[in-house]
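Trainee: Could you take me through one part of this model slowly? I would like to see how its pieces fit together.

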Amino acid sequence: SMPDMTTGLYPFLRPALKLVPWMVLDRFDNKAKAPSLNLPTMVVHGMEDEIVPFQMGEELAALVPGAQLVPVRGMGHNDVFDRPDVLRTIAAFAAQGSPQAK
């Protein structure tokens with residue numbers, strides 16, 4: 001969730017968010033929705049992500065039944081898809097669910 005990410009990056013805000021939770025208006029609560037997903041899921045996350053801590057990607061993947069986590073070493077938030085090996089991994093995962101692959 002956005003509040004979790006905010007307090008993960010800026011722990012000193014935790015008390016303030018308890019007093020005034022409206023400081024972070026966008027809840028974007030993936031963790032609450034993740035366990036109900038019923039489809040093949042791949043979580044691709046840069047291990048050097050400067051926006052969303054890598055630990056949050058690990059947590060999200062653990063919450064989605066059967067999800068595959070792809071940690072991308074040396075990559076951040078916006079450059080994770082710049083690597084051809086990552087794109088091949090995603091394409092292979094997508095092809096597993098395509099009718100042509102069956």
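**A close look at helix H4**

Mentor: Happy to! Let's begin with helix H4, whose buried residues are Phe54, Met56, Gly57 and Ala61. Around the helix axis these residues span an arc of only 155 degrees, so they sit on the same side of H4. There is a simple rule behind such patterns: an α-helix has 3.6 residues a turn, so residues three or four places apart point the same way. Do keep in mind that this is a predicted model.

Now let's see what surrounds the helix. H4 covers residues 54-63, and together with strands S1 and S2 it makes a right-handed β-α-β unit. The two strands, S1 (residues 42-46) and S2 (residues 68-72), pair in the parallel sense over five bridges. Four of the five residues of S1 are buried, so the rest of the structure largely encloses this strand.

Histidine 45 is a good residue to pause on, as it links several of these pieces. Histidine 45 belongs to strand S1, and its bridge partner in S2 is proline 71. Its relative accessibility is 8%; buried means under 20%, so histidine 45 counts as buried. Beyond its neighbours within four places in sequence, histidine 45 is in contact with Val52, Pro53, Phe54, Gly57, Val70, Pro71, Val72 and Val80. Look for Phe54 and Gly57 in that list of contacts: both are among the buried residues of H4. The side chain of histidine 45 also has a polar atom 3.0 Å from the backbone oxygen of valine 52.

Next, find threonine 41, which is in the loop between helix H3 (30-33) and S1. Threonine 41 has a relative accessibility of 15%, so this loop residue counts as buried too. Its side chain reaches the backbone oxygen of leucine 39 at 2.9 Å. Setting aside neighbours within four places in sequence, the contacts of threonine 41 are Val64, Gly66, Ala67, Gln68 and Phe93.

Let's go back to the helix and look at its polar residues. Glutamine 55 is in H4, and its side chain joins that of glutamate 59 in a polar contact of 2.8 Å. Glutamine 55 can also be placed relative to glycine 8: the two are 47 residues apart in sequence, while their C-alpha atoms are 9.6 Å apart in space.

Glutamate 59 has another partner as well. Its side chain meets that of lysine 31 in a salt bridge, with N to O at 3.5 Å. Since glutamate 59 lies in helix H4 and lysine 31 in helix H3, the pair ties together parts that are 28 residues apart in sequence. As a general point, side chains of opposite charge can pair when their charged atoms come close. Both partners are partly exposed: glutamate 59 has a relative accessible area of 26%, and lysine 31 has 28%.

How many salt bridges are found in the whole structure? A search turns up two. Besides the pair you have just met, aspartate 85 forms one with arginine 83, where the closest N and O atoms are 2.8 Å apart. Aspartate 85 counts as partly exposed at 31% relative accessibility, and so does arginine 83 at 25%.

To retrace the path, start at the buried side of H4, move to histidine 45 in S1, and finish at the salt bridge between glutamate 59 and lysine 31.

Methods
Residues numbered from 1 in each chain as written. Predicted model: local features only at pLDDT ≥ 70, side-chain atom pairs only at ≥ 80, totals over all residues. Heavy atoms only, no water. Buried < 20%, exposed > 50% of the residue type's maximum accessible area, 1.4 Å probe, protein only. Pairing = 2+ DSSP bridges. Right-handed = clockwise from strand over helix to strand, strands pointing away. Arc of directions from axis to C-beta. Polar contact = N/O pair within 3.5 Å; in protein donor to acceptor, adjacent residues only side chain to side chain. Contact = heavy atoms within 4.5 Å. Salt bridge = Lys/Arg side-chain N within 4 Å of Asp/Glu carboxyl O.
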